[in-house]
Amino acid sequence: MSNLPPNPYNNFPGPPQVNANTAPPTFNHNQQFGQVPVSQLPPGYGGIKQDPNSNSPLHAPSPAAQNHVLHNVNNYSQSASSSPAFNQPGMMPPPLKQNLQSSPMRPPMSTAPNSLPNPLPPHNVPLSSASPRTVPNANSSPAPYPPSYHPPQRQINDNAPPLIPSSQTTQPLVNGPPSSLPPTGPPQSQYPVSSSAYSSLPGSKPLNSGYGPGLMNTPYAPPPGQVPKPPGSTMPSQPPIPFSGPPVSGPPRNSPLVPGPPVSGPPGGMQGFNGPPPTQGPPRQVGINGPNVSGPSAMPPGPSKPLGQPPPSMGQPPAPMGLVSGPPMGPGAPSPQQYPGQYRNGPQGPPMGPSVQPTGPLGTSTGHMPPPNNFSGPQNPPAGSQMPPMGQQSLPPMGHQMGPPPGPIVQTAPGLKSNMQNRYPQMASAPGNYPNHQAPPIPSLSQQQANIMKQFPQQHLTQQMGQLSVTKQGFDQLWGHHMVDLLQCKHILPEYPEDPPEIKLAHQFADSSNCSPEVFRCTINRIPETNNLLQKSRLPLGILIHPFKDLNHLPVIQCATIVRCRACRTYINPFVYFVDAKRWKCNLCYRVNDLPEEFQYDPVSKSYGDPTRRPEIKSATIEFIAPGEYMLRPPQPAVYLFLFDVSQLARESGYLQVACDTLKANLEALPGDARTQIGIICYDAHVHYYLMSEGLTRPKEMTVLDIDDVFLPSPSSLLVNLSERRELVRELLTVLPSRYSTPAPPSSALGAALQAAYKLMAPTGGRITVFQTCLPNVGPGALQPREDPNARSSKEVAHLNPATDFYKRLALDCSGAQIAVDLFLLNSQYADLASLSGMSKFSAGTVYHIPLFRATRHHQAEQLNRMLTRYLTRKIGFEAVMRVRCTRGISIHTFHGNFFVRSTDLLSLPNVSPDAGFGMQLTIEESLSDLQQVCFQAALLYTSSKGERRIRVHTLALPTASNLTDVLHAADTQCIIGLLSKMAVDRCMSASMSEAREAVMNVAVDALSAFRLAQNLPAGANSSALHAPHSLRLLPLYLLALLKRKAFRTGTSTRLDDRVWDMCNVKVSPLGALVRAVYPDLFPVHQLAHYAHHDDDDDHAPDPPRLQLTAERINSTGAYLLDDGESMILYVCHGVSPAFLSETFGVTAFSQLPDEMRSLPRAASHGSALLHAFIDKLNDDRPYASDILILRDNSPSRTLFTERLVEDRVESAFSYYEFLQHVKNQVK
Amino acid sequence: MAFSFPAFSYIIALIVDAFLIFFSIFHVIAFDELKTDYKNPIDQCNSLNPLVLPEYLLHLLINVLFLLSGEWFSLLINIPLILYHLHRYYTRPVMSGPGLYDPTSIMNADVLTVCQREGWIKLAFYLLSFFLYLYGMIVVLIAA
């Protein structure tokens, strides 16, 4: 890291007690998800059953508890049209064009094989033929899974009855073929190539023509065998610390806090709080104890610091710089080295409010002019992420920064340079306003102050002031109204991920369980009452949903009638009003409905009369097993069709071997019941079908040469029952790779193959998985290469929109037939993903992309294997629809994600996967001022892989806000970023890249301008500070990172396909993954032992703090792990200790490390174990484990790491500080 | 009372305009149905798209007649609409068939409101121009 400046903040592993107070992350599932802890229910609980395949290892219900509540809901003979709810929108699966009453088996089609116009002679595939290749990483890699490893029951939550009880959850992620497979043998000799199909062999296209060096991907570390812990729960809660330092009633002027009355807030929050003392007013006017609003007027991360610690830096001179002085934020206490930063921060703060002394307008000068009676006001750093809970014990411990005992104030700390009291501004009179920074200085303030001193006994005053500040501080915490000066606190990222902002509902529902923020999240946690107010706040309003997320505790209910509002069809939820015991009032449309008699029954206590104890009322996320009226046709079986590209490029890439092996290994784990069907089609210039009908002992290939008008040679034997034909399928997968290992024409008839697949699947619906490696260039849907390699780094990006609507129309047809198309793009050249992605976008599929794929690159094969294993074994919901209902007055404006919008609030999702997220932009159409809260309900109706119709309902309730300050302080930055990035993708498509980038930048300007307006702060250009509400303090940082993402960056060479794929990813990623991809986590890993939890049994993984993504935080003696979800980069600097090298990598010197490593060796040392445990923990919450890439800081590809340091200036892009300056100048 | 070419143009324009009014009424109804969930957007687009070009061509036809007959005022009034039609068709989404409406983007609230407003404005325009053509026809006939 010779090129990086040494950084004083990098010696940051402070004393071990730094984290002493960060309690080990505990995660209370019930609390988190707000769900009924099913396992606590008595076994005789009739109305609810625990998901048998639920992921929770903790709450595995006894089988006896389930069995008697499991009823058969697969009522195939149920006539759809006879159901009473037939005409209810939202209850029904999308109407099918054909065979509504057909059996789940496909009807035979009339096309006979011998009627082919020019059928090739079917080739028999010999049974014994097999691939000569070995799977690159079959079992030879350094033990990706130790033999004793039992994969955690994570991510897969198949909550259908356990027809295949444990295959999914205990399926080891083995890469290679299972040992039961027939041994591989010599390939081609027994498998003649279809001569007519391959008679012409033009030269293949040059590979890698326009593509740069390969991406770095690495094999990954195995997932840990731990109970998954949702992200965000790692936030340790701060234990309240009894106040033991210098007392609260100490010198008042130390308090940087505004002693004003609370702005507003939930009424329920007042308990236990004494309210502002009556004496607030006068001190404010005399400016003695006025609030200090300068920048970070928030809590210091004090409670986590050792309280008795003497002020380490009292006598330190102020640092001459202004920007790096902010201590790191977060609950983790800054190490002692960082204390000076706090003090330095003070004097450099901009003058706030009336200034006692004419110290000049800028804070930089004030620090050098210590006023005689100034107090060493610690300029508090921005609020830590974790505010201590309210209450007496958690009063802000100011004393630890104030070494001097409370005494005569004026003399306490003469040597200190800070002049807190100067910055006490006049209090704005109106509650809800922060003190006005523009208040004119009162020159004689010090005199007044002196007078006051005479008038009041000092101690008394001191005490008053102390209480005032503490009170105000407490109120600020309580309402979350902190303000942060962005320019002052550069180290703004909380060290540990923050919990999403808490939702404080009105009194009546304060205890109701709200939906988990991981499932349902809104950009503003207090909905503005009017559209006007929303416009004033200039924040995007929307919700992000992750509806099919794998959940650990999901109450599943089976009942005869599902209680819904008769008017708007809302499902009963925790936020309804019970008018009396017999009626309930819908919280979305306010209709009063009757309660059915059976709803009175409380299954827990087996008593009647209290409907509020039903699980529907207790849990905001619930799943119903739907009765017959929710079916239009019998639930479809799981049908999987795989389309393999076998054109020349595909054969060169060698993906087929990996894909077939993975598929073969996971055949048993495919979700489905006894009706599961599977089929395989290959295509190059022609379409190859594989017949696996009854009577055949080996798969039979049929090639259709006519690709302009495809037809199915023998439909009934192309899709076969998996359980009946397992051996044939296995056989086929074994021979396929060798069958297609010879050179082939360089043409790919993807369009024709898709049409054939559609015809094949249309009667049942299901999932089509397409593996594509090149641009489809023949037949229907043929595309032309559009990318100009020279324009990859230009400002404007062309060709982001599809070239043809062929794939979109096909997707719409598929969507109508309940077919989803998933695309694995493993291209080595431009493949026009912008056009191809249409097939997944509108059929609710997913796009996976491994650029420059080569199976010979070990890590890429590994990556494909992991990806595919997760894809094949994860839960799946078929023929799904999702309806999102909102409280009257709010409507959905735009949807984001992969789906087809069937009506204003209904999404058609042929398949729904646990990895898919959705976003919705909202508009406020009517005033909500007479409402206490606003509710959103997402109901996902789907067919489980076991053929059950189920409805998963999530309900989110949010309070409303009537003034701008409340709205701004309730903003949820992460969610805003999630929604914004989706909106920006749309803008790129509809307008242009530069316009989208402009819009993203303006979001920060707009939000901060709105805040300036709300607080009546000086305009950005006139002020030396850039104030942001605490809730939005990370917004500029994330926005800057977003602009430097692959999807939106300009000036850096980015392949068009990579860019488009990143855009697709942005649209479908759930929020957690999205934020991690936008702003990757950077952890120091060279001293993990400091962060290890030694006392905790379950969780051995260390918990290092996150660092901001700037070279400043990179120390040349460190090693850093950068984790963006997709891949991890372990960056080893040259000065790292040899002990670390030998412990982790088993090498003795830095120079022995290779330039790039793709796997992390496992050494039998404590350090290695810690690092692996840490990586495993990181991998725990994502669908499949990330790649790992180990880079030296002088290796040629180190830009892979440095380009992710988004806060640093790169060519043609702002650094964070420049961005802030830009924003500040624009804030009006 | 001679039956001049301008008079003929106006008569044709009246008839065509009646059709255009029907088109725009249909348009308004169709989008209203979409907004109130009655119709599937795919079906609705399939029924709307074939009507777009005929409407534009009919509108163009009467303007060609006005041009040939030298009815400059009527022509002038219609020119903005012609330009709008041209612009609309050039900026349509990528589609293989004729038409303007894409079922995947039509449910976007912005697109929906724009289309609905367009329908109402066109309806008003066609109604007003109907009376204008009626007046123009009478004037031409009387002058002759």
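**Exercise 1.** In which loop of chain A is A844(A) found?

*Solution.* This is a predicted model, in which local features need pLDDT of at least 70, side-chain atom pairs count only at pLDDT 80 or more, and totals for chains, interfaces and linings use all residues. Residues are numbered from 1 along each chain as its sequence is written, while chains are lettered from A and ligands numbered from 1 in the order in which they are written.

Step 1. The loop that holds A844(A) runs between α16 (838-841) and β21 (847-849) of chain A. Helices (H or I, at least four residues) and strands (E, at least two) are DSSP runs, numbered from the N terminus.

Step 2. Although A844(A) is not a glycine, its phi is positive, about 60 degrees. Most residues other than glycine have a negative phi.

Step 3. A844(A) is buried, with 32 other C-beta atoms within 10 Å. A residue is buried if 20 or more other C-beta atoms lie within 10 Å of its own, exposed if 12 or fewer, and partly exposed in between, with C-beta atoms placed from the backbone.

**Exercise 2.** Describe the setting of R538(A) in the same manner.

*Solution.* Step 1. R538(A) lies in the loop between α8 (531-537) and β6 of chain A.

Step 2. The phi of R538(A) is positive, near 55 degrees, and the residue is not a glycine.

Step 3. R538(A) has 19 C-beta neighbours inside 10 Å, so R538(A) counts as partly exposed.

**Exercise 3.** State the strand order of the open sheet that contains β6(A), and identify its edges.

*Solution.* Step 1. The sheet has 4 strands in the order β4-β6-β26-β23 (chain A), with antiparallel pairing. Two strands pair if DSSP finds at least two bridges between them.

Step 2. β4 (520-522) and β23 (890-896) of chain A each have a single partner strand, so one side of each is left without a neighbour in the sheet.

Step 3. Within the sheet, β6 (residues 542-545) and β26 (residues 918-924) of chain A are antiparallel and joined by 4 bridges. I545(A) stands opposite F918(A) in β26(A).

**Exercise 4.** Is strand β22 of chain A enclosed or open, and which strands does it pair with?

*Solution.* Step 1. 10 of the 10 residues of β22 (residues 877-886) of chain A are buried, so the strand is largely enclosed by the rest of the structure.

Step 2. Antiparallel to β22(A) runs β25 (residues 906-912) of chain A, joined to it by 6 bridges; here A880(A) stands opposite L909(A).

Step 3. With β27 (residues 933-944) of chain A, β22(A) shares 8 bridges, again antiparallel; here V881(A) stands opposite L941(A).

**Exercise 5.** Outline the make-up of chain B and its contacts with chain A.

*Solution.* Step 1. Chain B has 4 helices and 0 strands.

Step 2. Of the 144 residues in chain B, 26% are buried.

Step 3. 13 residues of chain B are in contact with 18 residues of chain A; two residues are in contact if their C-beta atoms, placed from the backbone, lie within 7 Å.

Step 4. On chain B, the touching side comprises 7 nonpolar, 4 polar and 2 charged residues. Ala, Val, Leu, Ile, Met, Phe, Trp, Tyr, Cys and Pro count as nonpolar, Asp, Glu, Lys and Arg as charged, and the others, Gly among them, as polar.
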